[in-house]
Amino acid sequence: MLLARNAPTEAARATIAGLERLGTRIEVITCDVTRRDDLGRVLARARAVCPPLRGVFHAAGVLQDAPLGAQTPASLRAVGAPKVQGAWHLDRLTAADPLDAFVLFSSVTALFGTPGQGNYAAANAFLDA
């Protein structure tokens, strides 16, 4: 199952189709991981119709660049929530699953910073912690 807030791009659909031609069964589901109840419903469905959940790969990312002085609570939430809340919800909702892998994709931005990406750096530092 592939989860994303938006439908796949044309390039992503082509990649998915290629994997399916090789025999992989892929289901793409639109889901916002910041919404715990929605994510819980998707995971319940996965547990009902798929083999046991063995891995979670969380690669959410939103950019909303601005100098630190121009950052607002809203810009911090917009960038931080998909990474932070998504990781937290996935961790809590899969705690009882027999996972072989639980991977959170961070960025070197958390260590070195990038101009205008203080909000993104903070979200990635949370994942690193």
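**Close-up views of a predicted model**

**View 1. What packs over helix H5.** The cover over the buried residues of H5 includes helix H3 (73-93), strand S4 (101-104) and helix H4 (109-112). Keep in mind that this is a predicted model. Helix H5 itself takes in residues 118-128. Which residues of H5 are buried? They are Asn-119, Tyr-120, Ala-121, Ala-123, Asn-124 and Leu-127. Two of these names, Asn-124 and Tyr-120, come back in the view of Lys-83, where both are listed among its contacts.

**View 2. The whole chain, for orientation.** Before zooming in further, here is the overall layout. The chain has five helices and four strands. Read from the N terminus, the order of elements is β-α-β-α-β-α-β-α-α. The C-alpha trace spans about 50 × 35 × 25 Å along its principal axes. There are 129 residues, and 31% of them count as buried. Take the contacts between residues at least 6 apart in sequence: 68% of those join residues at least 24 apart. About 8000 Å² of the chain is exposed, with carbon and sulfur atoms supplying 60% of that area.

**View 3. Lys-83, a buried lysine without a salt bridge.** Lys-83 sits in helix H3. Where is the nearest side chain of opposite charge to this buried residue? That side chain belongs to Asp-128, and it is 8.5 Å away. A salt bridge needs a side-chain nitrogen within 4 Å of a carboxyl oxygen, and Lys-83 has none. What the lysine does have is polar company. A polar atom of its side chain lies 3.1 Å from the backbone oxygen of Phe-105. The Lys-83 side chain also makes a polar contact with the side chain of Asn-124, at 3.3 Å, and Asn-124 is one of the buried residues of H5.

**View 4. The wider surroundings of Lys-83.** Which residues touch Lys-83 once its neighbours within four places in sequence are set aside? The contacts are His-58, Ala-60, Gly-61, Phe-105, Tyr-120, Ala-123, Asn-124 and Leu-127. Tyr-120, Ala-123, Asn-124 and Leu-127 are also among the buried residues of H5. This view therefore ties in with the first one, where helix H3 is part of what covers the buried residues of H5.

**View 5. Gln-117, just ahead of H5.** Gln-117 is in the loop between H4 and H5. Is this glutamine buried or exposed? Its relative accessible area is 9%, so Gln-117 counts as buried. Leaving out neighbours within four places in sequence, Gln-117 contacts Leu-63, Asp-65, Ala-66 and Thr-109.

**View 6. A nonpolar patch around Val-108.** Val-108, Leu-111 and Phe-112 make a nonpolar surface patch of about 380 Å². Val-108 belongs to the loop between S4 and H4. Why is Val-108 partly exposed? Its relative accessible area is 48%, so it counts as partly exposed. For a sense of distance, the C-alpha atoms of Val-108 and Val-79 are separated by 16 Å, with their positions 29 residues apart along the chain.

**View 7. Glu-10 and Arg-13, a salt bridge in helix H1.** Side chains of opposite charge can pair when their charged atoms come close. Here Glu-10 and Arg-13 form a salt bridge, and their closest N and O atoms are 2.6 Å apart. The two are three residues apart in helix H1 (residues 10-21), so about one helical turn separates them. Glu-10 counts as exposed because its relative accessibility is 55%. Arg-13 has a relative accessible area of 40%, so it is partly exposed.

**View 8. Asp-38 and Arg-41, a salt bridge in helix H2.** How far apart are N and O where the side chains of Asp-38 and Arg-41 meet? The distance in this salt bridge is 2.4 Å. Both residues lie in helix H2 (residues 36-49), three residues apart, or about one turn of the helix. Asp-38 is partly exposed because its relative accessibility is 26%, whereas Arg-41, at 53%, counts as exposed.

**View 9. Asp-91 and Arg-92, another salt bridge.** The closest N and O atoms of Asp-91 and Arg-92 are 2.8 Å apart in this salt bridge. Asp-91 has a relative accessible area of 29%, so it is partly exposed. Arg-92 is also partly exposed, with 42%. How many salt bridges does a search of the whole structure find? The search finds six, and this pair is one of them.

Technical notes: Residues are numbered from 1 along each chain as its sequence is written. This is a predicted model: local features need pLDDT of at least 70, side-chain atom pairs count only at pLDDT 80 or more; totals for chains, interfaces and linings use all residues. Side-chain values use heavy atoms; hydrogens and water are left out. Buried means under 20% relative accessible area, exposed over 50%, partly exposed in between (1.4 Å probe, protein chains only). Contact means heavy atoms within 4.5 Å. Lys and Arg count as positive and Asp and Glu as negative; His and the chain ends are not counted. A polar contact is a pair of N or O atoms within 3.5 Å; within protein, one must be able to donate a hydrogen and the other to accept it, and residues adjacent in sequence count only if both atoms are side-chain atoms. Patches are made of residues with over 30% relative accessible area and no salt bridge: like charges are joined within 9 Å, nonpolar side chains (Val, Leu, Ile, Met, Phe, Trp, Tyr) within 5 Å. Accessible areas come from the Shrake-Rupley method with a 1.4 Å probe; for residues, only the protein chains shown count as cover.
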